Amino acid sequence: MSEVKYERKSADIPWYDFKMWPTDTRAIVGSVLLAVCFSATMQITERIDTALTGGLLNILGFIFQNVWFWPASMYFGLTGGLIAANFNPFIAILTATGPLAPAWFAVNTAHVIPQAFLAQKAFEDRKETKEGISMRYFLTYMVPIAQLFTVLPLLVPWLFIFKLPILTVVGLYVAGWLLGFPGGWIGFYLCRSIGRSGIV
């Protein structure tokens, strides 16, 4: 019986002593590394998104946000989340990856702020038991809430710059929200791997 319980818990993201504003070298370096990984990914995927949707919806961008931003926010709090979120937009603007590149500052920041607070709540709720975060909890609670905030900043360009019909905007918003799930699934395993590695 205890062996089954151990196997179940080993599949979770391990409990972590969360800090919202870490300033140690490990947190800064880890955050920058995740930011660089995300930016390198976006150099390819943002151009694909622009070709697919004219830059109106960052399909692959929303997927990979949930891959790289979750570990940054989960293990390095808002310090890591904000570093990871605001590194790539500079590169995107300088290299003209898409027409919405200036909006990524708002979109990415709107993503990592709720992520950090959701991670804080999840770890604080488990502080006494040291239980991990299950995939079910992560994908049915944490990812969908954070993704709701992510898409919000795009309402401004969709409605007032591109002047898209309301039904189109609603469709884009729902699509953007749904795109958080495949990336969240991958992000769960990345968070679990980092948590189990002992490097944080």
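This is a short tour of a predicted model, stop by stop, with something to select at each one.

**Stop 1: helix α2**

Start by selecting residues 25-53, which make up helix α2. How far apart are the end C-alpha atoms of α2? They are 40 Å apart, and that agrees with the 42 Å that 29 residues should span at 1.5 Å a residue.

Now click on Met-42 and look along the helix on either side. A kink of about 40° in α2 is centred there.

Next, colour the buried residues of α2. Going along the helix, they are Ala-27, Gly-30, Ser-31, Leu-34, Ala-35, Phe-38, Ser-39, Thr-41, Met-42, Thr-45, Glu-46 and Asp-49. So Met-42 marks the centre of the kink and also belongs to the buried set. What covers these residues? The cover includes α3 and α4, so show those two helices as well.

For contrast, pick Ile-48, which also lies in α2. Is Ile-48 buried or partly exposed? Its relative accessible area is 36%, so Ile-48 counts as partly exposed. Draw a distance from Ile-48 to Ile-59: the two are 11 residues apart in sequence, and their C-alpha atoms sit 8.8 Å apart in space.

Before leaving, step to Gly-54, which follows α2 and has a positive phi, near 70°.

**Stop 2: the largest pocket**

Keep α2 on screen and select Arg-26, Gly-30, Leu-33, Leu-34, Cys-37, Phe-76, Ile-194, Ile-199 and Val-200. These residues line the largest pocket, which holds about 170 Å³ of space. Which helix gives the largest share of this lining? That is α2, with 5 residues. Two residues from the first stop turn up again here: Gly-30 and Leu-34 are part of the pocket lining and are also buried residues of α2.

Try colouring the lining by class. You'll get 7 nonpolar residues, 1 polar and 1 charged.

**Stop 3: two cavities**

Rolling a probe the size of a water molecule over the atoms shows where empty space is left. How many cavities of 30 Å³ or more does the structure hold? There are 2.

For the largest cavity, select Glu-46, Asp-49, Thr-50, Gly-55, Leu-57, Asn-58, Thr-97, Gly-98, Pro-99, Leu-100 and Trp-104. The space inside is about 60 Å³. Helix α2 gives the most to this lining, with 3 residues. By class, the lining splits into 4 nonpolar, 5 polar and 2 charged residues.

Now for the second largest cavity, with about 50 Å³ of space. Its lining is Phe-38, Met-42, Glu-46, Asn-58, Gln-65, Asn-88, Trp-104 and Asn-108. Two or more lining residues come from each of α2, α3 and α4, and α2 has the largest share, 3 residues. Here the classes come to 3 nonpolar, 4 polar and 1 charged.

Flip between the two selections and watch Glu-46, Asn-58 and Trp-104. They line the largest cavity and the second largest one too. Met-42, the centre of the α2 kink, also appears in the lining of the second largest cavity.

**Stop 4: helix α5**

Select residues 135-151, which are helix α5. Its 17 residues reach 23 Å from the first C-alpha to the last, close to the 24 Å expected at 1.5 Å a residue. Where does α5 bend? Go to Val-143: the bend there is about 30°, and a proline, Pro-144, follows within four residues.

Both Val-143 and Pro-144 are among the buried residues of α5, along with Tyr-137, Phe-138, Leu-139, Met-142, Ala-146, Gln-147, Thr-150 and Val-151. To see what covers them, bring in α3 (59-95), α4 (104-125), α6 (155-161), α7 (166-178) and α8 (180-197), which are included in that cover.

**Stop 5: two lysines in loops**

Most residues other than glycine have a negative phi. Two lysines here do otherwise.

Select Lys-130, in the loop between α4 and α5. Its phi is positive, about 60°. With 46% relative accessibility, Lys-130 counts as partly exposed.

Finish at Lys-163, in the loop between α6 and α7, where phi is near 50°, again positive. Is Lys-163 buried or exposed? At 63% relative accessibility, Lys-163 counts as exposed.

Definitions and conventions
Residues are numbered from 1 along each chain as its sequence is written. This is a predicted model: local features need pLDDT of at least 70, side-chain atom pairs count only at pLDDT 80 or more; totals for chains, interfaces and linings use all residues. Side-chain values use heavy atoms; hydrogens and water are left out. The expected span of a helix is 1.5 Å times one less than its number of residues. The bend at a residue is the angle between axes fitted to the seven residues ending there and the seven starting there. Buried means under 20% relative accessible area, exposed over 50%, partly exposed in between (1.4 Å probe, protein chains only). Contact means heavy atoms within 4.5 Å. On a 1 Å grid over the protein atoms alone, a cavity is a set of points where a 1.4 Å probe fits but cannot get out, and a pocket is an open set with protein on both sides within 12 Å along at least five of seven lines; lining residues have an atom within 4 Å of a point. Grid points are joined across faces, edges and corners, and a volume is the space filled by probe spheres set on the points. Ala, Val, Leu, Ile, Met, Phe, Trp, Tyr, Cys and Pro count as nonpolar, Asp, Glu, Lys and Arg as charged, and the others, Gly among them, as polar.
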